[in-house]
Amino acid sequence: MKRTIIITAIVAVIAIIVLIVVNRVGAKKDIANLYVEAKKGQFDIVVTTTGELQAENSTDIKGPEFTQSRNIRAMDIKITDLVAEGTEVKAGDYVATLDRTSFDNSLKDELERLTTYETNLEVKILDTAVTLSNLRDNIKNLRFTKEEAEITLQQSKYEPPTTIRQAEIAVDKAQRSLDQSLKSYTLRVEQAKSDMKTIKNNLAEQRQRVKDLQDVLSKFIISAPSSGMVIYKRDRSGSKRKVGSSISPWDNVVATLPDLSTMISKTYVNEIDVSKVKTGQKVDILVDAFPEKKYSGTVTSVANIGEQLPNADAKVFEVVIKVDGSDPILRPSMTTGNQVITKTINDVTYIPLECVQTRADSITFVYFKNGDKQVVVLGESNENNVVVEQGLEPGTLMYLSTPEEPDKFNKLLGEELITVIKEKEKAKKEEERRAKEEAARSFENRGGMPGMMEMTPEMMQQFQNMRGNMPGGQGGQGRTRDTAAMRRFMQMRNNQQGQPGGVRDTSARRRNFNQTGTQQGTQQNMNQTRQTQQTTVNR
């Protein structure tokens with residue numbers, strides 16, 4: 001028993017000693033990791049984004065072309081079956097099936113309507129034949145009646161004048177009845193021709209409508225137009241079209257067959273960084289599926305209009321990057337990490353961003369390993385490092401972060417650089433001020449109201465509300481301004497601006513607004529008087 005206890009105690013002591021040694025070694029490594037050297041060399045300013053591989057060129061696998069026929073009503077059609085994405089197909093192979101339910105019902109209705117038109121045509125032909133036959137018989141009978149009246153007239157030449165006159169009247173009546181029947185027959189023939197033409201045209205249109213529906217339905221089983229790999233089409237929202245999705249007459253692409261010989265990476269850049277990205281810039285590309293391989297590319301297009309992606313707060317701009325060369329292992333929809341090299345600076349000294357400390361007066365400095373502090377003048381920066389224009393030499397050791405006892409670093413080196421930093425900051429503010437003034441002048445030249453560029457969004461909304469509440473609507477002539485509301489608005493703008501240089505002369509603005517309102521009110525009364533006088537004169 002005692003022997004077991006002794007062995008256990010020895011093992012515990014050895015374990016404790018091993019832990020102490022390991023902790024000391026780890027602490028030494030941690031201390032070594034607290035320091036970094038200032039490096040000198042090429043400094044790249046990059047914009048890092050995540051993108052998705054796509055084929056630069058592809059062949060669309062389309063559904064039926066609805067727009068080619070005006071007889072078919074446009075509607076969305078669901079995809080009921082679709083081969084798996086990534087399937088290798090050859091020209092003519094099956095790809096997808098569309099829902100036929102609605103079109104089958106439409107075809108059934110149109111076939112019934114076609115049968116009705118054909119029946120109506122047959123009935124119309126029979127009715128027209130009977131009607132015209134009766135008219136011809138009536139004309140023949142009227143001719144006989146006329147001949148009888150003429151014979152009666154010839155036989156009555158020795159009769160009294162009254163009898164002769166009656167015979168002449170009978171002949172005239174018979175002739176008139178015959179003429180009227182002939183004219184009526186001609187009109188009925190023309191009417192029958194017109195009715196038959198209308199029915200035949202309707203029948204032809206109905207037959208064409210049925211044929212179009214049958215042609216469209218024959219294309220509801222979609223085949224591949226060429227060989228390739230099937231990639232699902234993305235709609236405007238970015239979702240892939242799959243079983244249950246719909247295609248429309250204006251966007252009838254079901255899937256695509258990409259050309260994998262040339263690939264692009266489509267990505268989105270934040271509105272803050274998009275001004276740095278230009279076409280022609282080089283890009284370093286990493287594919288998540290193959291982290292050991294690196295690719296290069298070039299920016300080919302940068303969108304001019306931003307958009308807001310789903311589940312995102314900031315606006316982004318679409319950027320297309322063409323991948324240099326080709327690699328058969330690359331596939332569409334693979335995720336890429338893109339580093340757009342927006343600027344390259346050669347032969348400069350740079351350090352990690354974590355090394356830089358900032359005082360309350362915006363003076364930047366670093367902690368040296370030897371216990372001193374050094375003022376540094378900073379330049380361009382990227383996501384990880386920053387250029388040091390003055391204050392550091394390559395190879396200098398410094399703390400990677402704030403040391404545990406920063407108060408012990410009493411000596412500050414490079415105090416003469418404080419003036420350089422302040423001058424640089426002053427020049428930066430002056431440049432920003434000039435840019436702001438230039439933007440304001442450009443806005444006013446385009447017809448904007450002076451001072452409008454300085455408004456906050458809340459002030460802009462309140463100003464628009466006040467304009468909307470003015471009588472006569474926006475831009476109306478002869479309206480009376482709400483000068484009290486305008487005075488309150490201008491006072492609020494002056495209070496929120498807080499710009500140096502004294503108090504604005506708001507009284508002059510109030511007098512200007514009051515005079516404008518009075519003049520416009522007087523002009524309105526004069527216009528109304530002229531309109532009344534003109535109305536009186538017209539009456």
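User: Which class, nonpolar, polar or charged, has 9 residues in the lining of the second largest pocket?
Analyst: In this predicted model, numbered from 1 along each chain, local features need pLDDT of at least 70 and side-chain atom pairs 80 or more, while totals for linings use all residues. Side-chain values use heavy atoms, without hydrogens or water. A pocket here is an open set of points on a 1 Å grid over the protein atoms alone, where a 1.4 Å probe fits, with protein on both sides within 12 Å along at least five of seven lines, and lining residues have an atom within 4 Å of a point. With 5 nonpolar and 3 polar residues also in this lining, the class with 9 is charged.

User: Which element supplies the largest share of the lining of the second largest pocket?
Analyst: The lining has 17 residues, and Leu 378, Gly 379, Lys 424, Glu 425 and Lys 428 lie nearest the centre of the pocket. Strand 20 (377-381) and helix 4 (417-445), both DSSP runs (helices H or I, at least four residues; strands E, at least two), each give at least two lining residues. The largest share, 8 residues, comes from helix 4.

User: Which strand gives the largest share of the lining of the largest pocket?
Analyst: Of the 29 residues that line the largest pocket, Glu 52, Gln 54, Arg 234, Gly 238 and Lys 266 lie nearest its centre. Elements that give two or more residues to this lining include strand 3 (58-62), strand 12 (263-270) and strand 2 (39-55). The largest share is 6 residues, and they come from strand 2.

User: How many charged residues are in the lining of the largest pocket?
Analyst: Asp, Glu, Lys and Arg count as charged, whereas Gly is among the polar residues. Besides 9 nonpolar and 10 polar residues, the number of charged residues in this lining is 10.
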